[in-house]
Each structure stands twice: as structure tokens, then as C-alpha cells.
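Here is a look at how a few rings, helices and loops are arranged in this model. Have the sequence and the coordinates open while you read.

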Amino acid sequence: MTVIDPETKAGWVPEVDEDDDDMPLSTRLSIADTLTLANATCGFLAVYFTTTGVLVPHLAGEDAGGIARHSAATAVILMLLASVFDLFDGLVARKLRSSAMGAELDNLSDLISFGLAPAYFVLVYGMVADDAYQRVSTVAAVAVVLAVVLRLARFSCVTVRDGVFQGMPSPFGALTVISVVLLELPFVPTLLAIVGVAWLMVSRVEYPKPRGRLAVATLVWIFISMTCLGAWAFDAPNGQLLLQTGCALQIVTAATIPLFATARRVNTFRVGRREARAAAQG
């Protein structure tokens, strides 16, 4: 930038260190950051397709059954893709390098894709479903957003033992919330299940991190889910059955892990008491 001296009216250019030509380290994007931004993009597009393909036709009074089904499936597939990007950005960051913005970008992207997008999906469900109540659905949607916000904030400042998450991971929670909605249960069980998932995200239940074989199994499950959604969206034979089966398996898995974690805690507590009694008697 040229600066004008008020006395001489002459312009001069301040000296610039050659090192300043390089972008500051804190603003350089790594490959992992690019995947994280792709995660955020998928979350935003999921909101877009939910709005334009489901909510707008409903408000306009159009009979958009096929369009709504295609758009809802597209929105969920985008959230599934966001979870794939979220899985790989951590793997890439560990193998290569991560920028100073990596953790912040990851939290913000997760908030969009696994907080805002599924909560908005629940909100729209409350507006378009025949037996739903919009205001009550809004409360459930707010519960999902707040659960993800609290979970991400706790993840940033609480240290847990290696290999586990404390509370249901937000991608897993988001997909479970969507599965509850797509299963098309009566309104009250749907609402209770959504609130239950929100509680699990802020609970102290330990969930294993998707590494090694578990990461491969997670990817396989995501692509199976995408296949089920595609079959449902294009009204393939038994597409509805495939979708309901996939959603039911997702919900059963989400409910089973806390049961195993609780059983493990109880067993650990009992073993500890036995050891304490044996030490006292000895």
C-alpha cells in the first residue's frame, strides 16, 4: 500500500519482509481441511434440498409426493456423504498434517451437517407430516441442535481415554435422528426417540471411535444406507421395505451400544467391589 507523507506529498512504500509474502501458517488449508469444508457443503446442500423439494411444495399446496421423496433422499444422502468426509478428514489429518484451524473447522462443519441439517429435517417433518404437531416438533429440533452444540463444546475441552467418544458421536446421532423420522412411526414414539438420541449425544456413554475394521464397517454401512435410500427414492421394488429395514437397524444399533456400555460399567463396578472386599478380608 502506498502512503503519502503529509509534509513532502511524496509517496513511499514500506519495506516488506520477503517472508510476509507467504500465507500465515494459521490460514493455510490442508488436505484434511478441504475434506472438512466438503462436509460443511454437504450439510448446507442437505438443508437446501429439504427446503426446495419438501417444504416449499408443501407450503405451495402442490402434490409433490415423488419430488418430496427424491429431495428427502438426496438430503439424507448428502448427510451420509458429510459423515464420510468427517471420517476421512480425521484419518488424513493423522497421516499427513493438519492446519491450526483444523479443530475449529471440524466443529463448525459438524454443527452444520450433524446439528442444523438433521434438526431442520425434524422441523420440516413436523410441518408436512399428517399426524405431527409443528410446535412440538420444533422443540425436538431445538433439542437436537443444542445437544450437538453441547457435545462439540465438551469434545473440545474434555479429555477422555483414547479410542472412545464420550456421548454418541454427532454424525451417528444425526443419522439416527433421520432414521427415526424416515421410519414413519406414530408422532409420539418418533418424538420420544428423537429426544432420546439428543440425550445420548450429551450423555457419558462411551462409543468406540471408527478406526481400523470399525472404520471399514462404518463405510460399508453408509454405502448400504445410500443404496436403500436410492431404491426408496426411485420407487424400486421393495424400496420402502429396504428403507425401513435400514432405518430399523440404525436405531437398534444406536440403542444397543448404550446397553453394552451400561453392562460393562456394572460389571466393572462389581469386580471393583469384590476386589475391595477381598483386600479388606485379607
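Tyr 133 is exposed, at 55% relative accessible area; exposed means over 50%, buried under 20% and partly exposed in between, using a 1.4 Å probe and protein chains only. Keep in mind that this is a predicted model, where local features need pLDDT of at least 70, side-chain atom pairs count only at pLDDT 80 or more, and totals for chains, interfaces and linings use all residues. Residues are numbered from 1 along each chain as its sequence is written, and side-chain values use heavy atoms, with hydrogens and water left out.

So what does the whole thing look like? The protein has 8 helices and 4 strands, running β-β-α-α-α-α-β-α-α-β-α-α from the N terminus. Those elements are DSSP runs numbered from the N terminus: helices are H or I with at least four residues, strands E with at least two. Of the 282 residues, 39% are buried. Take the contacts (heavy atoms within 4.5 Å) between residues at least 6 apart in sequence: 77% of them join residues at least 24 apart.

Back to the rings. Searching the whole structure turns up 3 aromatic pairs. Rings of Phe, Tyr and Trp (its six-membered ring) pair if their centres lie within 6.5 Å, and planes under 30 degrees apart count as stacked, over 60 as edge-to-face and the rest as tilted. Tyr 133 and Phe 187 have ring centres 5.4 Å apart and planes at 65°, so they make an edge-to-face pair. This one bridges distant parts of the chain, since Tyr 133 is in the loop between helix H3 (102-128) and helix H4 (134-157) while Phe 187 is in helix H6, 54 residues apart. Phe 187, at 8% relative accessibility, is buried.

Phe 172 and Tyr 207 form a tilted pair, 6.4 Å centre to centre with 50° between the planes. Here too, distant parts of the chain are linked: Phe 172 belongs to helix H5 and Tyr 207 to strand S4 (residues 206-208), 35 residues apart. Phe 172 is partly exposed at 22%, whereas Tyr 207 is buried at 3%.

There is also a charge on a ring: the charged end of Lys 209 sits over the ring of Phe 165, 5.3 Å from its centre. That label needs NZ of Lys or CZ of Arg within 6 Å of the ring centre and within 35 degrees of the ring normal.

Now for the helix pair. H5 (residues 170-182) and H6 (residues 187-201) pack at about 175°, with axes 9 Å apart. Axes are lines fitted to C-alpha atoms, for helices over the stretch in contact, and angles run from 0 to 180 degrees between N-to-C directions. H5 and H6 are therefore roughly antiparallel, a word for angles over 145 degrees. On the H5 side, the contact includes Ser 170, Gly 173 and Thr 176; on the H6 side, Thr 190, Ala 193 and Met 201 are among the residues.

Finally, two loop residues stand out by their backbone. Most residues other than glycine have a negative phi.

| Residue | Phi | Loop | Relative accessible area |
|---|---|---|---|
| Glu 184 | about 60° | between H5 and H6 | 57%, exposed |
| Asp 235 | about 55° | between H7 (213-233) and H8 (239-281) | 60%, exposed |

Glu 184 has a positive phi although it is not a glycine, and Asp 235 likewise has a positive phi without being a glycine.

Definitions and conventions. Parallel < 35°, antiparallel > 145°, perpendicular 65-115°, else oblique.
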